[in-house]
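Me: I should like to learn how to read the features of a protein model. Could you guide me through one, step by step?

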Amino acid sequence: MIPACRGQASHPRSMSLWEHGLHLFRSAVGVVLPAPMLRRAMVLKTDGCPRLVVRDRAFPVRRNLYLVGFGKAVLGMAAAAEEILGDHLIQGVVSVPHGIRACLQQAGMEEMLLKPHSRIQVIEGAKHNLPDREALRAASMIRELAEGLTADDLLLVLVSGGGSALLPAPTPPILLEEKEKVTKLLASRGATIQELNTIRKALSLLKGGGLARAAYPAQVLSLILSDVIGNPVDIIASGPTVYSSTSAQGCLQILTKYNLLSILPRSVETVLSSSISDPSGPKDYSHVYNVVIGSNSLALEEAKHQAEDLGYWTLILSAAVCGEVSRVARLYSQLIQFVCLSTAGLGEGPLRDQVRGDLLKLAAELEIPGLNLVDPLKALQGLESERWVCLLAGGETTVQLQGNGKGGRNQELALQVALELHRAKATGAGYFLGRCEVLFLSGGTDGQDGPTEAAGAFSSQDLVDKAAQEGLDVETFLSNNDSYTFFSKFRNGHHLLLTGLTGTNVMDIQAILIRARDR
């Protein structure tokens, strides 16, 4: 487990890039831990009529509060909520990742655990981030609690990333295994999180506003920790408290795009067909108030602050990095080459212009929201050669599965960046990579990258050559989507980012650290 880092014992100049990268990741995760965020967002005022205040809204409370939650950060959110709400909370049910209580306890993070005799029941499920029987049981209990509420009640809903897997309630006659098969097929063919959640919502009882409908006529207050680019509340955890405009026709278009229509389970065809013939019209969601209380941008801002304290010239590229891992890796490789050229004093000239042109062209093709490199590249050209550079980004990339190896998008991205930098060393611009120390880090803020124990990995421009000395061929591992196996073997796993489950989730963080080598 990586708790928030409170400071550095060593002087920054004596620390390695690996230590700096780890500190930045810890800091980014620490600022989006659930309890501090919840306390900033929600206040119980007891003067006069007791009321729960969230931003510009006040909800009268008189021991009429119920709580449900689902997601990787929800256990810590629930612990903070119960402390704030006191006796006004009557009952609660939360669905959280398998093993998270033991992980938090082992890490000494008892503040994220519920107290003994809590009114909130905890169910752990979705092992390896996949829906399972325990998550299905939790979803049934949450649905039952919501359906029993009256107009006098207030339902507090805590939502974070991972909520989709932890709230599985397939629309009959679809079985859990059948729904899982469809989402796995989509993921394996490179579907985006938005596309995956669109399909999940259409096949679910509680997603796509289903939980809000079940709780009516009770008031619903939903506090959301975003793990989706742009913070769309209808997509996060598949929008259980948000009206869904998803249509069966839209779902069929997605399934057609990935050539899945011919292999759909019969039950899925039945549900989608019935939705086409009997579409659900707009619903009244005036009883619901949805609030995003934390996001990837908040984590990146904290990492930027810490990097500047360490002496880096720092830039946040985007909090919405998306796209296929190999193309994003090429973008990062070209950025690193540009910085190394500038650090070598070649901020001007045809070689710089070529790299700059290639970089801007690729950035335009990727269409990453918020990414505008024109001004940052000008600023990088003008930096003094001894200046340290830190480039930060966040978001969620996708992996096109070709093999049957073990890994996750962060480990695959780190390995792919290393390969791109290795290939670049044979070029004119790549020659200058040797004059710099370079560290690339990519990690999931939830502490779990795919079905592995790692949050992500570190890499550098020398990794491929060093791996070859150990008899490890990077391209072979990448062709089998086997990044975790590679990093586990390479240097006995030293390049893996191992944090344990962090208790939060705001997508991924990437950091590029560059400084000139001592000559």
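Reply: The turns below take up the domains, their interface, some side-chain pairs and the backbone. Please keep in mind throughout that this is a predicted model.

Me: Let us begin with the overall division. Into which domains is the chain divided?

Reply: A domain may be written as several sequence ranges, joined by plus signs. Here domain 1 covers 15–28 + 296–516, while domain 2 covers 35–169 + 205–244 + 281–294. The C-alpha centres of domain 1 and domain 2 are 34 Å apart. Their contact draws on 19 residues from domain 1 and 20 residues from domain 2.

Me: How much area do domain 1 and domain 2 bury between them?

Reply: Buried area is the accessible area that two parts lose on being put together. For domain 1 and domain 2 the value is about 1,400 Å², with 63% of it on carbon and sulfur atoms. On the side of domain 1, the residues that lose the most area to domain 2 are Leu501, Gly503 and Asn505, which together account for 38% of what that side buries.

Me: How many salt bridges cross the interface of domain 1 and domain 2?

Reply: To read a salt bridge, one looks for a side-chain nitrogen of Lys or Arg within 4 Å of a carboxyl oxygen of Asp or Glu. The rule finds 1 salt bridge across this interface. One salt bridge in the model joins the side chains of Asp446 and Lys72, at 2.4 Å from N to O. As for polar contacts, 2 residue pairs are counted between domain 1 and domain 2.

Me: Which elements give two or more residues to the side of domain 1 that touches domain 2?

Reply: They are α12 (296–309) and β10 (312–321). Of the elements, β10 gives the most, with 3 residues. Sorted by class, this side of domain 1 has 9 nonpolar, 8 polar and 2 charged residues.

Me: Let us turn to the model as a whole. How many salt bridges are counted there?

Reply: The count comes to 22 salt bridges. Among the salt bridges is the one between the side chains of Arg133 and Glu177, at 2.4 Å from N to O. To place such a pair, one asks where each partner lies in the sequence. Arg133 is in helix α5 (residues 133–147) and Glu177 is in helix α7 (residues 176–188), so this pair links distant parts of the chain, 44 residues apart.

Me: How many aromatic pairs are there?

Reply: An aromatic pair is read from the distance between ring centres and the angle between ring planes. The count here is 9 aromatic pairs. One of them, formed by Tyr332 and Phe440, is tilted, with 5.3 Å centre to centre and 45 degrees between the planes. Tyr332 belongs to helix α13 (residues 325–343) and Phe440 to strand β12 (residues 436–444), so the pair ties together parts 108 residues apart in sequence.

Me: Finally, the backbone. Which peptide bond is cis, with omega near 5 degrees?

Reply: That is the bond from Pro172 to Pro173. Pro173 is found in the loop between α6 (163–166) and α7. Another cis peptide bond joins Tyr216 and Pro217, with omega about 15 degrees. Pro217 is in the loop between α9 (210–215) and β8 (219–225).

Me: What is phi of Arg63 near?

Reply: Phi of Arg63 is near 55 degrees, which is a positive value in a residue other than glycine. Arg63 sits in the loop between β3 (57–60) and β4 (65–70).

Technical notes. Residues are numbered from 1 along each chain as its sequence is written. This is a predicted model: local features need pLDDT of at least 70, side-chain atom pairs count only at pLDDT 80 or more; totals for chains, interfaces and linings use all residues. Side-chain values use heavy atoms; hydrogens and water are left out. Domain bounds come from an automatic or database domain assignment. Contact means heavy atoms within 4.5 Å. Buried area is the accessible area (1.4 Å probe) that two parts lose on being put together, summed over both. A polar contact is a pair of N or O atoms within 3.5 Å; within protein, one must be able to donate a hydrogen and the other to accept it, and residues adjacent in sequence count only if both atoms are side-chain atoms. Helices (H or I, at least four residues) and strands (E, at least two) are DSSP runs, numbered from the N terminus. Ala, Val, Leu, Ile, Met, Phe, Trp, Tyr, Cys and Pro count as nonpolar, Asp, Glu, Lys and Arg as charged, and the others, Gly among them, as polar. Rings of Phe, Tyr and Trp (its six-membered ring) pair if their centres lie within 6.5 Å; planes under 30 degrees apart count as stacked, over 60 as edge-to-face and the rest as tilted.
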